[in-house]
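Welcome! Below are some short exercises on one protein chain, each followed by a worked solution. Have a look at the chain first, then try each task before reading on.

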Amino acid sequence: MAETPAPGIFLCPHCGSDAEANIRTTLSVPLVPPDHAWDPVFELRHCESCGATLPVHLAERWGGIDAAEARRQWQETFRDSSPFPPFHWRLSLPTG
Ligand SMILES: [Zn+2]
């Protein structure tokens, strides 16, 4: 198994890639209903390899979790409920 990088270093909990897309997203308004798993998520990271959009606390492993725990939380809570299709940031770039 791959080592867990230091907290704050991108690692995709979906595919294990360390290739972060050249974009970061901060939501200013909720995209999902208040009872949705993604409701507390406002800081997003994006995987250049698989196109997953990821909660930053999993992609950068905040709160002392390791890569295995981030992967577990991704699979159990966030993956199947994600409102973001793969590579969505390329499909719908903000036009300012
Ligand atoms: Zn990935």
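**Exercise 1. Find what share of the contacts between residues at least 6 apart in sequence join residues at least 24 apart.**

Step 1. Start with the term: two residues are in contact if their C-beta atoms, placed from the backbone, lie within 7 Å.

Step 2. Among the chain's contacts between residues at least 6 apart in sequence, 65% join residues at least 24 apart.

Step 3. Keep the origin of these values in mind: this is a predicted model, where local features need pLDDT of at least 70, side-chain atom pairs count only at pLDDT 80 or more, and totals for chains, interfaces and linings use all residues. Residue numbers start from 1 along each chain as its sequence is written.

**Exercise 2. List the helices and strands along the chain, and judge how compact the chain is.**

Step 1. Helices (H or I, at least four residues) and strands (E, at least two) are DSSP runs, numbered from the N terminus.

Step 2. The chain has 3 helices and 3 strands. Along the sequence they follow the pattern β-β-β-α-α-α.

Step 3. The radius of gyration, taken over C-alpha atoms, is compared with a globule rule of 2.2 Å times the number of residues to the power 0.38. The chain's value is 13 Å, close to the 12 Å that the rule gives for 96 residues, so the chain is as compact as a globular protein of that length.

Step 4. Along the principal axes, the C-alpha atoms fill a box of roughly 40 × 30 × 20 Å.

**Exercise 3. Work out the order of the strands in the sheet and find its edges.**

Step 1. Two strands pair if DSSP finds at least two bridges between them. In general, strands of a sheet pair through backbone hydrogen bonds, either parallel or antiparallel.

Step 2. Here, an open sheet of 3 strands has the order β1-β2-β3, with antiparallel pairing. Its edge strands are β1 (25–26) and β3 (53–55), each pairing on one side only.

Step 3. Now look at the joins. β1 is linked by 2 bridges to β2 (residues 43–46), and T25 has L44 as its bridge partner in β2. Between β2 and β3 there are 3 bridges, and R45 has L54 as its partner in β3.

Step 4. The hairpin of β2 and β3 has 6 residues between the strands, and G51 takes a positive phi near 85 degrees in it.

**Exercise 4. Describe the largest nonpolar core and say which helix gives the most to it.**

Step 1. A residue is buried if 20 or more other C-beta atoms lie within 10 Å of its own, exposed if 12 or fewer, and partly exposed in between; the C-beta atoms are placed from the backbone. By this count, buried residues make up 22% of the 96 residues.

Step 2. A nonpolar core is a set of buried Ala, Val, Leu, Ile, Met, Phe, Trp, Tyr and Cys residues joined through C-beta atoms within 7 Å. The largest one has 13 residues, and those with the most contacts inside it are C12, L54, L58 and A59.

Step 3. α1 (56–59) and α2 (67–78) each supply at least two residues of this core. α2 gives the most, with 3 residues.

Step 4. Take L54 as an example: leaving aside neighbours within four places in sequence, L54 is in contact with C12, P13, L44, R45, C47 and A59.

**Exercise 5. Compare the buried and exposed sides of α2.**

Step 1. The buried residues of α2 are A70, W74 and F78. Seen down the helix axis, the directions from the axis to their C-beta atoms fall within an arc of 40 degrees, so these residues line one face of the helix.

Step 2. That buried set packs against β3 and α1. The face turned away carries the exposed residues A68, Q75 and E76.

Step 3. F78 is buried, with 20 other C-beta atoms within 10 Å. Not counting residues up to four places away in sequence, F78 touches A37, W38, P55, L58 and Q73.

**Exercise 6. Place R61 and F87, and classify each as buried, partly exposed or exposed.**

Step 1. R61 is in the loop between α1 and α2. With 22 C-beta neighbours inside 10 Å, R61 counts as buried.

Step 2. F87 is in the loop between α2 and α3 (88–91). With 16 C-beta neighbours inside 10 Å, F87 counts as partly exposed.

Step 3. Check the backbone too: R61 has a positive phi of about 55 degrees although R61 is not a glycine, and F87 has a positive phi of about 55 degrees although F87 is not a glycine.
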